[in-house]
Amino acid sequence: MGSCRLLQEQAQPAICAAVVKADAYGLDAAEIAPVLAKAGCQHFFVAHLEEGVTLRRILGSGATIAVLHGPLAGTEADFIAHDLVPVLNSLDQISRWSATAVVSGERLPAILQVDTGMARFGLSEADVNILIEDQQRLNALDLQLVMSHLACADEPDHPANTMQLDLFQQMGSILPCRRMSLAASSGIFLGPEYHFDFVRPGAALYGIAPQEGRPNPMRPVIRLQGKVVQIRDVPANTPVGYGHTARTTTSSRLATVAVGYADGFLRSLSGRGGAWFNGSHLPIVGRVSMDSIILDATALPDGSLLPGALVDLIGPDRDLDALARDAGTIGYELLTSLGTRYHRQCIHS
Ligand SMILES: *Cc1c(COP(=O)(O)O)cnc(C)c1O
């Protein structure tokens, strides 16, 4: 996977972990995680315990799998059984995971998350001070990493970036841990001072642009196609689709494609953007239905687009981020919304 190597080069000598939560951002972790492992990735992050259990089954033993949400009360034994490393986000999670370690008679691996300015996950500054004053709290644990997460890394000039960086360095200098990690995809491109020992890209691995309004350094890795199921020729002034929100202005050829909002092709794309076929743009006409969209194929030569043909919704002519913008969202949401009716195929290269 080219994206993986580019990120590794960009971040080195920091180690590149892979974030494969939400089924590898909707792309199928069972296909993607082994490809990443084969490309040399040894560290994986998921959000939920259940995702970690599934990923352990996919990858077998060896790789490190960290669970971002940490151990919720009562799940500690599952972490041990499936060899998962919890990200500890609170003093309570630290004490419960420590108690588990004491009972198990082993120093259990753990990652500690600190909140440097997002108010979402991790220990607050006050929590960190409590921990520093009473470092015994960490004695039963093998603290492998201290991590934090940037709130505004996709905007390189946002002042929050350097504020979070400073606070993270300060917290890191007083916490008893050898290794640190701050950057996800966007943070990798903020510069080497953000790399520390580990970087944790997700989105960039899947081709999403790491920084808004800048050229995308990542290779597009996704192609999304829809199948034409019907073609019809209609006269001018024909109302099209639900609500008759659109009418043809001339005699037109319309192509109905079997992708709709139930497939994560968002209804906000109604009348916006389109699909591509052999280099031609086919605009979406009218509303996106649950199972279909209607394209204007009038510009294509006779007989070139037939039922059964595949049109590109994301592909060489149409990048994921542009489609997301048309839908009023971001690439992350678009990918993770892709439904289960697509036939997914992983092409190794
Ligand atoms: C999702 C997530 C990542 C990956 O973020 P991307 O922007 O997709 O690279 C990294 N770290 C944490 C804590 C996350 O929640």
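Which residue in E17 is the bridge partner of Leu224? The answer is Ile314, and that pairing is a good way into this predicted model. The protein has 349 residues, arranged with 11 helices and 17 strands. Below is a friendly tour, from the whole chain to the strands, two helices, the ligand and two buried residues.

**The whole protein**

- Taken along the principal axes, the C-alpha atoms fill a box of roughly 80 × 40 × 40 Å.
- Buried residues make up 49% of the 349 in the protein.
- About 16400 Å² of surface is accessible, and carbon and sulfur atoms hold 51% of it.
- Among contacts with a separation of 6 or more, 63% link residues that are 24 or more positions apart.

**Strands around E10 and E13**

- Strand E10 covers residues 224-234 and runs antiparallel to E13, with six bridges joining the two.
- Within reach of that pairing, Asp233 stands opposite Arg253 in E13.
- E10 also runs antiparallel to E17, this time through four bridges; the Leu224 and Ile314 pair from the opening question belongs here.
- Strand E17 (residues 310-314) has four of its five residues buried, so the rest of the structure largely encloses it.
- Strand E13 (residues 252-257) is mostly covered as well, with five of its six residues buried.
- E13 has a further antiparallel partner in strand E16 (residues 293-296), to which four bridges join it.
- In that pairing, Leu254 stands opposite Asp296 in E16.

**Helix H3**

- Asp28 caps the N-terminal end of H3, where one of its side-chain oxygens lies 3.1 Å from the backbone nitrogen of Ala30.
- The buried residues in H3 are Ala29, Ile32, Ala33, Val35 and Leu36.
- Looking down the axis of H3, these buried residues fall within an arc of 160°, so they line one face of the helix.
- Just after H3 comes Gly40, with a positive phi of about 110°.

**Helix H4**

- Why do buried residues gather along one side of a helix such as H4? Here they are Leu49, Gly52, Leu55, Arg56 and Leu59, in a helix that spans residues 49-59.
- Those residues cover an arc of only 115° around the axis, which puts them on the same side of H4.
- The general background is that an α-helix has 3.6 residues a turn, so residues three or four places apart point the same way.
- Exposed residues Glu50 and Arg57 sit on the face of H4 turned away from the buried side.
- The cover over the buried residues of H4 includes helix H3 (29-38), strand E3 (43-46), strand E4 (64-67) and helix H5 (76-81).
- Gly60 follows H4 and has a positive phi, near 70°.

**The ligand**

- Which of the 14 residues around the ligand come nearest? They are Lys21, Tyr25, Ser185, Ala203 and Tyr332.
- Tyr25 places a side-chain N or O atom 2.5 Å from an oxygen atom of the ligand.
- Ala203 uses its backbone instead: an N or O atom there lies 2.7 Å from an oxygen atom of the ligand.
- His149 has a polar side-chain atom 3.4 Å from a nitrogen atom of the ligand.
- On its own the ligand would expose 390 Å², and the protein buries 92% of that.

**Gln164, a contact of His149**

- Gln164 sits in helix H8 (residues 159-174).
- Is Gln164 buried or exposed? Its relative accessibility is 2%, so Gln164 counts as buried.
- A polar atom of the Gln164 side chain lies 2.9 Å from the backbone oxygen of His149, the residue whose side chain also has a polar atom 3.4 Å from a ligand nitrogen.
- Beyond its neighbours within four places in sequence, Gln164 is in contact with Thr116, Gly117, Met118, His149, Leu150, Ala151 and Cys152.

**Gly264, in a loop after E13**

- Gly264 belongs to the loop between E13 and strand E14 (274-277).
- With a relative accessibility of 5%, Gly264 counts as buried.
- Setting aside residues up to four places away in sequence, Gly264 touches Leu334, Ser337, Leu338 and Gly339.
- The C-alpha atoms of Gly264 and Arg341 are separated by 9.9 Å, although the two are 77 residues apart along the chain.

Methods:
Residues numbered from 1 in each chain as written. Heavy atoms only, no water. Buried < 20%, exposed > 50% of the residue type's maximum accessible area, 1.4 Å probe, protein only. Arc of directions from axis to C-beta. Contact = heavy atoms within 4.5 Å. Near = heavy atom within 4 Å. Polar contact = N/O pair within 3.5 Å; in protein donor to acceptor, adjacent residues only side chain to side chain. Areas by Shrake-Rupley, 256 points an atom, 1.4 Å probe, with all protein chains shown as cover. Pairing = 2+ DSSP bridges.
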